[in-house]
Each structure stands twice: as C-alpha cells, then as structure tokens.
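Here are my notes on the two-chain model you sent, set out as numbered points that can be checked against the coordinates.

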Amino acid sequence: MALIPDETRQQLKERFQTRLSGPVRLTLYTKPGSSRLVLPSGLGCPTCDDARQIAELIRDSAPDKVTLEIVDISQDGARAEIDEVFEVPTMAIAADTNPGRIRFQGLPTGSEFPALIDAVERVSSGDHGLKPETVTALAKLTEPTEVMVFATPT
Amino acid sequence: MASAQVRALCVEANEFPELSNHFRVRGVPHTVINRRAAFVGALPEPDFVAATLEGAGVNVDEEPGPHQDVPTSSR
C-alpha cells in the first residue's frame, strides 16, 4: 500500500526547497517488521515499515540535505543502548553526528506529522523559534533532561 | 535545540499502551519530565518552560508570571 500520496510528496519537496538550509541526519530505529500481523508485545514491529516509508519520504524530498540511517536494534543492540532507544519505531533528528535529541516514538502520522516536518525544518535551519526568556530559563538546566510528550494522531 | 541538556521525545500514546498506562496518560498532550513529573495540556511557552524546569528539579525562584489563560485539552 502506498502510504503517502504523490501530491504530498510534491508538496513536501517544494516546501523543503525553501525551508531547509543545513544538513539533517535522520536515524530510524526499527525491528524487522511484521506488517499487519499482531504479535505479542515486544515481538516484531507492526508500524516499522510505515515509519520507514515516512523517513524515506523526508529523505527523498530533499536528498541533498537529508541523510537517513536505519538501525535494526534487534541486530545492533549495542547501538540502541548507546543512543538510549528502547522502543521502535523511533525516529531521531539531528544536525550533527550526535544521536538526535528530538525523537518521535511510534508512527508520526496525523497531527504528529506536521510536528515531525517542523522539527526537520527547525533542525536544518537551526532556528528553534523560542523566546529569548525561554532560552535564558533553559540555561538553568545543568543536568540532562528528558521531555516526553504523549500525543495521538487525532 | 535551545539547550544541549534537553532531549525531546514525542510518543504516540496509542501505540505504546504500557508506557501510556505507566505514566497514567488520560488526555493529550501529556508531558512527563525525566519520567517523574508530569503536566497535562498544551501550555503557553513560559508556562511550559516553568513546568519543565520544575519537573527537572531546577529551583525557579523568580516570580511566576500571570498566565491565567492556560488551556487544557483532554480527549
């Protein structure tokens, strides 16, 4: 099934042409997919294949700026450990070679898709869009801090 | 991006029911700081930052701004 309509592909291509400036490194952490087969919790990954399609869509929309690495955590457990990725699919977005600190766990569809595109564009341009007061306040964080936001596609 | 200390993780709540249950997610957006402190709703930026710092255990001794228009969405 083609998850992404051609119209969306074209729109994204045009959008990225003007909005991406710097390189973006996408890392998709997956396990071998089991398609629509429902397996007991922890086995397989029913949404990994769809997540791969979304990650590839982003890369293919701006192949000169976006690189995509796919990490199979069932094969490369050490890497998952280092990058602290324990659930799949997880997509991490980075501008440099560090493990991406903006991550989407689960399939970023529906209302999460614009958030994903926004994150890619912001990482590329380096423009976080936050108020100066916010940046000042965030400087008070001296320890690694995880901000985990639960969302739904609707 | 604005802080090298912060890692942002957006979790699709329906896809990870065990995680959602663990953090007692009843509505979205539901934000959990360091797997410890939580707040619900799409807060305005200053409130979001304040709640994040508080959740991270940072002493915020500045006077809190008057933000009465705090929308909370639950669905």
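**Notes on the predicted model**

1. Setting aside neighbours within four places in sequence, A:Gly110 makes contacts with A:Pro153 and A:Thr154. The model is a predicted one, and this is a convenient place to begin reading it. A:Gly110 sits in the loop that runs between E4 and H4 of chain A, and A:Pro153, although 43 residues away from A:Gly110 in sequence, comes to 4.3 Å from it in space, C-alpha to C-alpha. Is A:Gly110 buried or exposed? Neither label applies, because A:Gly110 has 13 other C-beta atoms within 10 Å and is therefore partly exposed.

2. The helix H4(A) has 14 residues, and from its first C-alpha to its last it reaches 20 Å, close to the 20 Å expected at 1.5 Å a residue. Its buried residues are A:Glu112, A:Leu116, A:Ala119, A:Val120, A:Val123 and A:Ser124. These residues lie on the same side of H4(A), because the arc they cover around the axis is only 130°. An α-helix has 3.6 residues a turn, so residues three or four places apart point the same way.

3. The partners of that buried side come from both chains: the buried residues of H4(A) pack against E1, H2, E3, E4 and E5 of chain A, and also against E1 of chain B. On the face of H4(A) turned away from the buried side are the exposed residues A:Pro114 and A:Asp118. After H4(A) comes A:Gly126, which has a positive phi, near 75°.

4. The largest nonpolar core holds 42 residues, among which A:Leu26, A:Met91 and A:Ile93 touch the most other members. Two or more residues of this core are given by each of E1 (24–30), H2 (48–61), E3 (90–94), E4 (102–105), H4 (112–125) and E5 (145–151) of chain A, and likewise by E1 (6–12) and E2 (30–33) of chain B. The largest share, five residues, belongs to H2(A). As background, nonpolar side chains in soluble globular proteins tend to be buried together.

5. For A:Met91, once neighbours within four places in sequence are left aside, the contacts are A:Leu26, A:Leu28, A:Ala51, A:Ala55, A:Arg103, A:Phe104 and A:Pro108. One of these, A:Leu26, is itself named with A:Met91 among the core residues that touch the most other members.

6. What does the boundary between the chains consist of? In the model, 37 residues of chain A are in contact with 33 residues of chain B. On the chain A side, E4, H4, helix H5 (132–138) and E5 each supply at least two residues, and the largest share, seven residues, comes from E5(A). By type, the residues on this side of chain A divide into 18 nonpolar, nine polar and 10 charged.

7. Strand pairing also crosses between the chains. E5(A) is joined to E1(B) by seven bridges, the two strands running parallel, while four bridges join E5(A) to E2(B) in an antiparallel arrangement. Within the latter pairing, A:Val149 has B:Thr31 as its bridge partner. E4(A) pairs with E1(B) as well, in the parallel sense and over four bridges. B:Val11 in E1(B) can be followed in both parallel pairings, since A:Phe150 stands opposite B:Val11 and A:Gln105 stands opposite B:Val11 too.

8. Chain B has two helices and three strands, which follow one another from the N terminus in the order β-α-β-β-α. Chain B has 75 residues, of which 27% count as buried. Of the contacts within chain B between residues at least 6 apart in sequence, 30% join residues at least 24 apart.

9. A last point concerns A:Asp72, which lies in strand E2 (residues 66–72) of chain A. A:Asp72 counts as partly exposed because it has 17 C-beta neighbours inside 10 Å. Leaving aside neighbours within four places in sequence, A:Asp72 is in contact with A:Thr30, A:Lys31 and A:Pro32. A:Asp72 and A:Val88 are 16 residues apart along the chain, and their C-alpha atoms are separated by 9.3 Å.

How values were computed: Residues are numbered from 1 along each chain as its sequence is written. Chains are lettered from A and ligands numbered from 1 in the order in which they are written. This is a predicted model: local features need pLDDT of at least 70, side-chain atom pairs count only at pLDDT 80 or more; totals for chains, interfaces and linings use all residues. A residue is buried if 20 or more other C-beta atoms lie within 10 Å of its own, exposed if 12 or fewer, and partly exposed in between; C-beta atoms are placed from the backbone. Two residues are in contact if their C-beta atoms, placed from the backbone, lie within 7 Å. A nonpolar core is a set of buried Ala, Val, Leu, Ile, Met, Phe, Trp, Tyr and Cys residues joined through C-beta atoms within 7 Å. Ala, Val, Leu, Ile, Met, Phe, Trp, Tyr, Cys and Pro count as nonpolar, Asp, Glu, Lys and Arg as charged, and the others, Gly among them, as polar. Two strands pair if DSSP finds at least two bridges between them. The expected span of a helix is 1.5 Å times one less than its number of residues. The arc is that of the directions from the helix axis to the C-beta atoms.
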